[in-house]
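Biologist: Can you pull up the model? I have some quick questions.

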Amino acid sequence: MASNVHTLTIPSSTRFLEDVREFITTHATEAEFSESSVEQLKMAVDEACTNVIEHAYAGQSEQPIEIAVSIQPDKLTIRIRDKGRGFDQQSYEEPDLVKYAKSRKSGGFGVHIMRRLMDDVIYRKGGGFNECCMVKYKD
Amino acid sequence: MSNFSVGFRASGTVQILDLHGELDAHTAAELEAAIQKCQKENQVNILINGANLLYISSAGLGVFMAYIEEVRECGGDIKIAALQPKVFNVFDLLGFPMLFDIVDSEDDAVGKFSAPDAE
């Protein structure tokens with residue numbers, strides 16, 4: 001199936017998250033996703049990139065994050081690549097909102113949000129990089 | 001340049017924080033500073049007005065999470081009002097209505113601070 005691919009590479013700093021959201025909004029809108037799906041895509045990618053910045057690169061601000069958007073007639077695939085520390089899916093636990101609030105804990109919802117908003121979220125490692133691949137089908 | 005800002009107003013004993021723009025991992029520190037300012041000034045009745053809040057990520061939600069228990073232990077609360085539907089959807093996705101008082105209008109939220117047991 002034919003697809004268009006668009007890529008954006010940003011340094012690993014949170015000040016570029018706005019650019020990432022704009023990039024996703026532009027291409028998801030062009031691909032004729034609904035407004036609510038565009039919002040969901042925007043947020044899922046924001047969360048994924050924030051996780052790379054804060055965890056994979058542990059706050060180093062000059063490392064590369066590559067975001068590739070592949071548009072197909074029935075779906076949009078987003079691939080996010082980094083060269084930092086990989087995500088350990090085995091040790092991930094779904095957050096409990098009430099427990100978190102009581103312990104004044106504030107982080108840890110990014111992966112949960114990605115899984116709720118996207119139809120598929122896969123983590124891969126190989127070739128010297130980590131990859132998070134997310135898919136959203138058109139309504 | 002940050003595309004997020006916090007405005008401060010008061011309505012009686014209620015400190016109102018007007019959020020403008022996009023609240024993400026880059027701008028969340030501004031919200032945190034605003035809530036800390038309220039705490040420093042012993043303002044424990046905090047109303048977040050989200051009418052001009054265009055976007056929120058888990059980083060922004062995390063700021064509310066980090067302070068809600070502390071504020072309630074001091075006898076106050078953080079209430080959230082006037083969220084745009086697309087932003088409310090994010091709060092709802094994580095189950096926030098279970099933990100936070102999220103109200104349609106600012107007036108209703110202010111009223112709830114002065115009559116907490118009323119429906």
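Modeller: Here is a short chat about chain A and its contacts.

Modeller: This is a predicted model: local features need pLDDT of at least 70, side-chain atom pairs count only at pLDDT 80 or more, and totals for chains, interfaces and linings use all residues. Residues are numbered from 1 along each chain as its sequence is written, and chains are lettered from A and ligands numbered from 1 in the order in which they are written.

Biologist: How many helices and strands does chain A have?

Modeller: Four helices and five strands. Both are DSSP runs, numbered from the N terminus: helices are H or I with at least four residues, strands E with at least two. The order from the N terminus is β-α-α-β-β-α-α-β-β.

Biologist: At what angle do α2(A) and α4(A) pack?

Modeller: About 150°, with axes 9 Å apart. Axes are lines fitted to C-alpha atoms, for helices over the stretch in contact, and angles run from 0 to 180 degrees between N-to-C directions. The two helices are therefore roughly antiparallel, a label for angles over 145 degrees.

Biologist: Which residues of α4(A) make that contact?

Modeller: A:G110, A:I113, A:M114 and A:L117. From α2(A), A:M43 and A:E47 are among them. In contact means C-beta atoms, placed from the backbone, within 7 Å.

Biologist: Switching topic. How many residues does each chain give to the contact between A and B?

Modeller: Chain A gives 22 residues and chain B gives 22 residues. On chain A, α1 (17-30), α2 (35-56), α3 (97-102) and α4 (110-117) each supply at least two.

Biologist: And what box do the C-alpha atoms of chain A fill?

Modeller: Roughly 45 × 35 × 30 Å, along the principal axes.

Terms used: Two residues are in contact if their C-beta atoms, placed from the backbone, lie within 7 Å. Angles under 35 degrees count as roughly parallel, over 145 as roughly antiparallel, 65 to 115 as roughly perpendicular and the rest as oblique.
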